[in-house]
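Here is a short report on side-chain packing, charge pairs and strand pairing. The sequence and the structure come next.

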Amino acid sequence: AYTFADNGAHTLSVKAYDYSANVGQASAAVTVAIADRNEPNDSMAAATALTVGTPVKGAVAAQGRDYDYFKFTAKAGDPLKLTVKSMSVDANSTLDPYVMILMPDGKTVLEKDDDGGTNMESEIRFNVPADGTYTVVLTSFKIHNDSAATDDLATNIYELLLSRR
């Protein structure tokens, strides 16, 4: 089984032996291109869990209107910061991220940002208003801004980090 970390060209080889000492072998070239190790995380129900202090890499790719969902549990008053980096972690990234944090009801937007750092990256600093499980919704600004737009470049990569501040 291949994972996101194994992206690239690989050769699979097999050898078979029979009772008469005959040997057969074959090889095949394969390319592994898993754009986002968190997929499927395209809904609140399939949200990837976030851990404070652990960066998560992903991509807004592979489908025309990709939204990635993440969740975290926090206590009222926790001072947190959510950062979405694209170009500063990979110069080849084409993602202009748009991110929202939803309250535990899953509907009310606590915060949103489409340009909180260098190179169109996003950063949200907030104090958690109530105990509960919060949802982070991440997409590209192009998708958020235009209901008919698509943005599925394989280079729409990001690193998301929830940290204490």
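Phe 72 is buried, at 3% relative accessibility. Buried means under 20% relative accessible area, exposed means over 50%, and partly exposed lies in between (1.4 Å probe, protein chains only). The model is predicted: local features need pLDDT of at least 70, side-chain atom pairs count only at pLDDT 80 or more, and totals for chains, interfaces and linings use all residues. Residues are numbered from 1 along each chain as its sequence is written, and side-chain values use heavy atoms, with hydrogens and water left out.

**Aromatic pairs**

The whole structure holds three aromatic pairs. Rings of Phe, Tyr and Trp (its six-membered ring) pair if their centres lie within 6.5 Å; planes under 30 degrees apart count as stacked, over 60 as edge-to-face and the rest as tilted. Phe 70 and Tyr 158 form an edge-to-face pair, with 6.4 Å between centres and 85° between planes. This pair links distant parts of the chain: Phe 70 sits in strand β5 and Tyr 158 in strand β11, 88 residues apart. Strands here are DSSP runs (E, at least two residues), numbered from the N terminus. Both Phe 70 and Tyr 158 are buried.

Phe 72 and Tyr 134 are stacked, at 5.6 Å centre to centre and 15° between the planes. Phe 72 lies in strand β5 and Tyr 134 in strand β10, 62 residues apart. Tyr 134 has a relative accessible area of 0%, so it counts as buried. Phe 126 joins Phe 72 and Tyr 134 in one aromatic cluster.

**Salt bridges**

Two salt bridges turn up in the whole structure. The criterion is a side-chain nitrogen of Lys or Arg within 4 Å of a carboxyl oxygen of Asp or Glu.

| Acid | Base | Closest N and O atoms |
|---|---|---|
| Asp 78 | Arg 164 | 4.0 Å |
| Glu 123 | Arg 125 | 3.0 Å |

Asp 78 is in the loop between β5 (68-74) and β6 (79-85), and Arg 164 is in strand β11, so their salt bridge ties together parts 86 residues apart in sequence. Asp 78 is buried at 17% relative accessibility, whereas Arg 164 is exposed at 52%. Glu 123 is partly exposed at 27%. Arg 125 is partly exposed at 49%.

**The four-stranded sheet**

Four strands form an open antiparallel sheet in the order β4-β11-β6-β9. β4 (56-59) and β9 (122-127) are the edges: each has a single partner strand, so one side of each lacks a neighbour in the sheet. Neighbouring strands are turned by 20° against each other on average, direction ignored. Two strands pair if DSSP finds at least two bridges between them. β4 and β11 (residues 157-164) run antiparallel and are joined by four bridges. Val 56 has Leu 160 in β11 as its bridge partner.

**Two polar side chains**

Ser 140 belongs to strand β10 (residues 132-140). Ser 140 is buried, with 1% relative accessible area. Its side chain makes a polar contact of 2.9 Å with the side chain of Asp 151. Such a contact is a pair of N or O atoms within 3.5 Å; within protein, one must be able to donate a hydrogen and the other to accept it, and residues adjacent in sequence count only if both atoms are side-chain atoms. A polar atom of the Ser 140 side chain also lies 3.1 Å from the backbone nitrogen of Ile 143.

Thr 48 is in strand β3 (residues 48-49). Thr 48 is buried at 17% relative accessible area. A polar contact of 3.5 Å joins its side chain to that of Asn 41.

Definitions and conventions. Axes fitted to C-alpha atoms, helices over the stretch in contact; angles between N-to-C directions.
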